[in-house]
Amino acid sequence: MKRDIQSFLLYVLSFFLLWEWLRPIKQLTNTSNMGFFIVFLMLSFTASFLTIKVIWKLLLMLTFILFSIHQLHYKEGLLNLSWFLSFIRDCTDNIRLLLSRQWYDLSNEFRTLLFFLLLALMVYLINYWLLRRQRIFIFFFMTLVFITVLDTFTAYSAKTAIIRTVVAGFAVMGMLTFYRIIQKEKVEYDAVSIRKWMIPLSVMIVVSVSVGIAAPKAAPIWPDPVPYLTAKNDKPVSSSKAGPHRIGYSTDDRALGGPFVGDDQAVFAYEGNGENYWKMETKDMYTGKGWLASGSTFSSFNKGDLVPIYSIPAEVERIKETARVILNGSYKFNNIMYPAGVTKILSIQPSNQDTNQFLVDGNNEKISFVTNDQQPVVPQTFRVEFDIPKYKISELLKTTVFPAEMNRAFYEKYTMLPTNLPPRVKELTEEITKGKTNWYDKAKAVEQYFGNSGYLYDQKKVAVPGEKDDYVDQFLFETKRGYCDNFSTSMAVMLRTIGIPTRWVKGYTGGEFQSYKDEGSSKLFYEVTNNNAHSWVEVFLPNLGWVPFEPTIGFSNELTINYDSKDNAMVNSQPLTPPSVKKPEKEEKKPKTTKKVSNSSNGIKTVVNEVKLHGGRIVFVILLLAGAAVSLYRWRGRWAPYLIVFFYRFKKKDENISSAYLLLLIQLDRYGLKRKKNQTLRSYARYIDTFFATREMTRITACYEQYLYHQSLPKGTWNETRELWENLIKKTIA
């Protein structure tokens with residue numbers, strides 16, 4: 001197949017056919033930033049059309065893939081090798097997940113890479129069908145099947161997609177049929193032959209599509225299946241088998257252990273006066289492998305009502321706060337996240353006071369959003385009111401032994417342990433808490449033990465307990481390596497061995513600071529992703545209720561405590577942010593000065609700051625543009641002739657033959673047909689005609705010489721010779 005305008009049109013139409021496969025993805029999945037994938041398709045088709053060498057094509061595609069993955073998933077500078085090394089490690093981990101058939105645990109970065117590879121394979125197959133087979137019916141048919149199935153069984157509407165697909169598919173099949181006939185009959189063709197084929201083809205397509213649009217259509221016989229398929233809440237289901245998992249909140253904690261794959265998919269954002277941990281649920285029964293909830297006690301309430309879960313005792317001083325939560329569109333649970341000390345849910349969307357309500361499980365404190373007939377409703381936004389307690393140190397140190405007023409059944413429930421728990425767990429806990437006389441000091445001693453005893457925070461090299469292994473015992477004495485589940489479960493179990501009631505809490509850390517609500521406002525915006533999914537411990541102190549503790553290395557969820565001294569002065573211990581996170585601070589407003597700064601000076605400073613901030617991207621863009629420029633110049637013999645031919649088709653005057661003839665000489669020289677020194681134009685024309693077995697160069701040269709010597713030509717000469725000139729130009733295209 002020649003590299004002419006008709007071939008270019010074939011590639012363009014094929015690109016639009018493949019694009020139809022991408023259009024539904026954004027609507028039906030969590031995939032975003034589709035522009036990167038569309039640009040990748042354009043680059044791939046362009047490289048195939050220009051027949052760039054395989055090595056250069058692979059280098060171009062790989063460069064764009066790495067650039068796209070960096071832009072989509074990493075915040076480090078492009079030239080910073082840390083993100084590339086992290087990506088290589090991520091690929092290695094995901095290959096292991098592939099081999100173990102853990103499809104749902106693949107990271108977003110690796111999924112993006114696989115998607116790019118799939119698109120590259122599709123472009124290769126289309127290129128093979130176009131050039132080798134000259135048939136594309138199967139791909140066209142599968143495209144129609146794909147979009148019609150989606151139109152039937154999903155919310156995607158394919159009305160215009162079907163029209164686009166039919167137009168592009170019929171055009172490609174008609175053009176390929178023309179090329180097959182030409183090749184089979186072994187005949188030469190020119191522009192006139194092409195027009196005789198393409199004009200009827202275009203008329204047929206336009207008429208067929210117009211009739212299809214205008215014709216009456218029968219109503220559907222079967223009811224629309226989409227409402228039935230989307231009626232049930234699409235809750236993510238977690239595997240109960242320990243092993244590599246994808247990070248994020250899940251409801252199944254029966255088998256803890258094993259590595260997990262990071263995921264920076266946003267879950268929710270919130271606006272408030274500071275950073276908070278967000279609870280989803282608690283669990284009370286440790287099995288030796290994971291956690292279960294021992295039962296359920298449901299009660300309902302409406303927005304604005306007091307939330308019926310264990311509240312902060314009235315004797316504790318508190319600070320009242322509110323926060324506004326915005327759920328990401330990918331969130332599929334109907335559970336409400338909330339800060340400890342929640343009192344009310346003030347408002348929520350979607351809002352329907354008559355049908356929507358809240359259910360709370362008093363056993364594990366999970367709050368669900370449902371209709372009156374108990375059907376789940378996924379929340380979109382809500383406002384929550386909560387209290388931040390300010391504990392007195394004297395009250396924290398008060399509990400020393402089992403209090404007589406504590407309910408015995410409650411105490412046994414939250415100190416229950418498996419009968420086969422290895423005794424050395426209790427022995428270690430007694431050693432750590434030796435000399436401590438109250439529950440709070442004992443809990444703090446266990447909380448601080450992990451950071452001072454050689455334990456490591458790790459998300460990858462995390463052991464899976466064997467059939468006879470206890471999850472806590474393995475972590476404490478064998479591996480000493482893990483993440484939040486390992487640390488929090490171990491602390492909860494250790495304190496239970498010495499008679500202190502605890503429970504395991506799941507939820508999210510405070511997330512990443514994004515911005516201030518507006519200038520002058522104290523409200524802050526934070527974004528919480530799946531990577532912020534977390535677990536920690538709550539210890540029950542009879543006079544204070546459930547008090548949170550954070551044993552995981554690198555995290556901090558400190559209490560606000562009043563330390564009473566002899567002179568009754570109080571020192572407030574403010575909540576700390578995790579060591580790896582810098583707490584956002586407002587920029588101080590500087591007083592205005594009367595010193596004038598020139599616009600040019602401001603412009604220079606702005607440019608310098610932009611270069612410092614985006615240096616890596618600027619360098620990459622410059623290198624990319626330089627590479628593109630070099631590639632365009634190197635392969636100018638393949639694209640420049642098309643541009644020249646296209647440009648001269650709009651020139652009608654006869655004197656254009658002069659510049660056109662000189663461009664033809666340049667193109668012939670570039671092709672390798674060198675004109676010898678002192679060789680006449682007529683002699684050179686005969687040489688060209690002999691090489692191509694034509695008489696076209698001689699005829700064009702005669703017209704050129706006539707114009708050169710007489711500065712005029714018979715009217716219409718250029719129109720008569722332009723086709724000869726175009727034929728010669730096209731023959732020089734490598």
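This passage walks through the predicted model, from its overall make-up to its helices, its cores and one of its sheets.

The model is a prediction, so local features were kept only at pLDDT of at least 70 and side-chain atom pairs only at pLDDT 80 or more, while totals for chains, interfaces and linings use all residues. Residues are numbered from 1 along each chain as its sequence is written, and side-chain values rest on heavy atoms, with hydrogens and water left out.

To begin with the overall picture, the protein chain has 22 helices and 22 strands; these are DSSP runs numbered from the N terminus, with helices (H or I) of at least four residues and strands (E) of at least two. Of its 734 residues, 43% count as buried; here buried is under 20% relative accessible area, exposed is over 50%, and partly exposed is in between, with a 1.4 Å probe and protein chains only. Contacts (heavy atoms within 4.5 Å) often link distant parts of the sequence: among those between residues at least 6 apart, 72% join residues at least 24 apart.

Next come the cores. A nonpolar core is a set of buried Ala, Val, Leu, Ile, Met, Phe, Trp, Tyr and Cys residues joined through side-chain atoms within 4.5 Å. The largest one has 57 residues, and L18 and L22 touch the most other members. Helices α1 (5-28), α2 (34-49), α3 (54-73), α4 (81-99), α5 (108-133), α6 (137-153), α7 (159-185) and α8 (191-214) each chip in at least two residues. Leaving aside residues up to four places away in sequence, L22 touches M34, F37, I38, L41, F115 and L119. Apart from this core lies another, of 45 residues, which includes I393, I432, A445 and L544.

Some of those helices deserve a closer look. For the 20 residues of α3, 1.5 Å a residue gives an expected span of 28 Å, and the end C-alpha atoms are indeed 28 Å apart; the expected span is 1.5 Å times one less than the number of residues. The buried residues of α3 are M61, F64, I65, F67, S68, I69, H70 and H73.

The axes of α6 and α7 come within 10 Å and cross at roughly 175 degrees, which makes α6 roughly antiparallel to α7. Axes are lines fitted to C-alpha atoms, for helices over the stretch in contact, and angles run from 0 to 180 degrees between N-to-C directions; over 145 degrees counts as roughly antiparallel. Residues of α6 that include F137, F140 and L144 meet a set in α7 that includes I162, V166 and F170.

In helix α8 sits S202, which counts as partly exposed because its relative accessibility is 41%. The C-alpha atoms of S202 and G174 are 9.2 Å apart, though 28 residues separate them along the chain.

Finally, there is an open sheet of four strands in the order β4-β16-β19-β20, with antiparallel pairing; strands pair if DSSP finds at least two bridges between them. β4 (278-283) and β20 (545-549) are the edge strands, each pairing on one side only. Neighbouring strands are turned by 35 degrees against each other on average, direction ignored. β4 pairs with β16 (residues 502-508) over five bridges, and T282 has V505 as its bridge partner in β16. Helix α15 (residues 484-497) packs on the sheet, touching β16, β19 (533-541) and β20, and its direction makes about 15 degrees with that of β19.

A hairpin joins β19 to β20 through three residues. These two strands pair over five bridges, and V547 in β20 is the bridge partner of V539. Five of the five residues of β20 are buried, so β20 is largely enclosed by the rest of the structure.

Terms used
Angles under 35 degrees count as roughly parallel, over 145 as roughly antiparallel, 65 to 115 as roughly perpendicular and the rest as oblique.
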